[in-house]
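This briefing is intended for a student who is meeting the structure for the first time. Please keep the sequence and the model in view while reading.

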Amino acid sequence: MRIGLIAMSGVRVRTAELAALGVTLPGFVRRGRVIASLPSLGLLTVAGLTPRRHEVTYLEVADVRGLPDPPPFDLVGISSFSAQVDEAYALAGRYRERGTPVVLGGLHVSLLPHEALEHADAVVVGGAEEAWPRLLRDAERGRLARLYRGATDGVFDGERYAMPRFDLLEGRPYNRITVQTSRGCPRACEFCAASLRITARFNQKSVERVIAEIREARRWFPEPFVEFADDNTFLNKGWSKALLRALAPEGIHYFTETDASVADDPELCDLLAASGCRQVLIGFESPRAEDLSGMDPAGWKRRRAPRMLRTIDALQSRGVSVNGCFILGLDGHTPDTFPRVLDFVRRSGLAEVQYTVLTPFPGTPLYERLRREGRLLRPRFWDRCTLFDVNYVPRGMTVEELEAGLRWLFTETYSAEATSARLRGFIHQRRQGRTDRAPAQQPAA
Ligand code: B12
């Protein structure tokens, strides 16, 4: 079969004022450019699970309406995140009009399979592992079932695992390549819409497999900047040290997402710096501990809050920059929160900062809670699940105050001046080396 695997590409924001700011603020534009060109590792994995007798084409579509004539295939697989799922459905419709069977998979449709079934011949719920090879056998016999359940545990074990087909990207201008080392996250934050929603437990690849994937990617991109597509890379400290020791001789530079516990272990921090890690993204969410109540079932983020500045110092003084993430619009947030967050960001010396708005992605506990509380602004708002558009009634302020506060933070934080001051601050800190901060410098909780 000729199989087309199609990803919706690009990054999105709906609110016009924010979109306009996004294209003018230097700090924001820079980050946007860096990430906008990432390929879909989900589909490269689906391709890896496809027996070689099939011919696989990987495509990215930025604008479905602008696509005059989608290329012909015998079977089409489309990946889904919430923000562009309506475009994915539109593309599926165009193929189905021609009689081409369409399979939908990915995070959004895994959580709303019944919605997706209205637009597809078959839907894969969960990881493609286990489901996709079975689906292909059925498709070859012309007996496609409607719903396939993929592996939610042991996803990297035995025959379930397949090397992603990085070769399909050959000759294309990607500046970063993604590699997944783990799927899931036991912290289980209420708002999280990432891979923990399709994974029963925290699953980790063997160190050997991660290194093998990086080497495979390097056959096609000799000097790649690697982005680990994980929810929480350094959770298991023993495994992390083994990975970092194995990464060091590979000579790559990379970025990843992890939680603040990475900074508790000085040996791990040293290994991180020596392994080529350029930046870790950490969700601090809010500088005030009380705002973090109820965020994760074990109360981990709240307990951890008083150590945010030390976490940043431990990493940045070793030359690993921290991309600190803050969520605006938490239930404890009021209009006073915005200057407090900015003050924290400035005092923290964070090299990079990311603000997002609390987003009730469908299928998350947050969505269910806000729905029960009658706080969702619209019944269906998937195209606004961008992490920047407000879709609910905040508890401690109005929607307009939240939107205005976000714009204000963006302007203050991503101006050319503020962006280069942050960078200079980080370079200085890196040169100075270790500067353990006294606990007294923490902001009042
Ligand atoms: C890399 C990445 C990107 C890249 C690449 C996106 C891409 N096309 O894959 C870029 C930078 C382009 C991007 C953009 C956006 N992203 Co993004 N991104 C990620 C990140 C960091 C990793 C995703 C990844 O590679 N996972 C690894 C792969 C292997 O997993 P997977 O995609 O789920 O695939 C598996 C299964 O889902 C399934 N599967 C997937 N597709 C298909 C298709 C078929 C046919 C089948 C059978 C199976 C199948 O099989 C795969 C293997 O098991 C995650 C955060 C995270 N830590 O996970 C956020 C994340 C996915 N992004 C998110 C968001 C919100 C966005 C944006 C809306 C941001 C914005 N404002 O524009 C855009 C939307 C882009 C779009 N096209 O819709 C959210 C999505 C939440 C949701 N449920 O929708 C996440 C979870 C981050 C978050 N904070 O919540 N993103």
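The points below describe strands and helices in turn, grouped by topic. The model is predicted. It contains an open sheet of six strands with parallel pairing, and helices α8 and α9 pack at an angle of about 35°.

**The six-stranded sheet**

- The strands of this open sheet follow the order β7-β10-β11-β12-β13-β14.
- Strands β7 (176–179) and β14 (352–357) form the edges, each pairing on one side only.
- From one strand to the next, the twist averages 20°.
- Within the sheet, β10 (residues 225–228) pairs with β11 (residues 253–258) in the parallel sense, over three bridges. E227 has F255 of β11 as its bridge partner.
- Helix α15 (residues 399–414) lies across β13 (321–328) and β14. The direction of α15 is at about 170° to that of β14.

**The pairing of helices α8 and α9**

- In general, two packed helices are described by the angle between their axes and the distance between the axes.
- For α8 (residues 207–220) and α9 (residues 237–247), the angle is about 35° and the axes are 10 Å apart. The crossing of α8 past α9 is right-handed.
- On the α8 side, the contact is made by V207, V210, I211 and I214. On the α9 side, W239, A242, L243, A246 and L247 take part.
- Sorted by class, this contact has nine nonpolar residues, no polar residues and no charged residues.

**Helix α4 and its surroundings**

- Helix α4 (residues 85–97) has 13 residues. From its first C-alpha to its last, α4 reaches 18 Å, close to the 18 Å expected at 1.5 Å a residue.
- The buried residues of α4 are V85, E87, A88, Y89, L91, A92 and Y95.
- The cover over these buried residues includes the strands β1 (2–8), β2 (55–61), β3 (75–80) and β4 (102–106). It also includes the helices α5 (107–111) and α6 (113–117).
- After α4 comes G99, which has a positive phi, near 90°.

**Strand β1 and its partners**

- Strand β1 is mostly covered, with six of its seven residues buried.
- β1 and β2 run parallel and are joined by seven bridges. The bridge partner of I6 in β2 is L59.
- β1 and β3 also run parallel, and four bridges join them. In β3, I78 stands opposite I6.
- I6 can thus be located by two residues, L59 in β2 and I78 in β3.

How values were computed. Residues are numbered from 1 along each chain as its sequence is written. This is a predicted model: local features need pLDDT of at least 70, side-chain atom pairs count only at pLDDT 80 or more; totals for chains, interfaces and linings use all residues. Side-chain values use heavy atoms; hydrogens and water are left out. Two strands pair if DSSP finds at least two bridges between them. Axes are lines fitted to C-alpha atoms, for helices over the stretch in contact, and angles run from 0 to 180 degrees between N-to-C directions. Contact means heavy atoms within 4.5 Å. A crossing is left-handed if the near helix is turned anticlockwise from the far one by less than a right angle, and right-handed if clockwise. Ala, Val, Leu, Ile, Met, Phe, Trp, Tyr, Cys and Pro count as nonpolar, Asp, Glu, Lys and Arg as charged, and the others, Gly among them, as polar. The expected span of a helix is 1.5 Å times one less than its number of residues. Buried means under 20% relative accessible area, exposed over 50%, partly exposed in between (1.4 Å probe, protein chains only).
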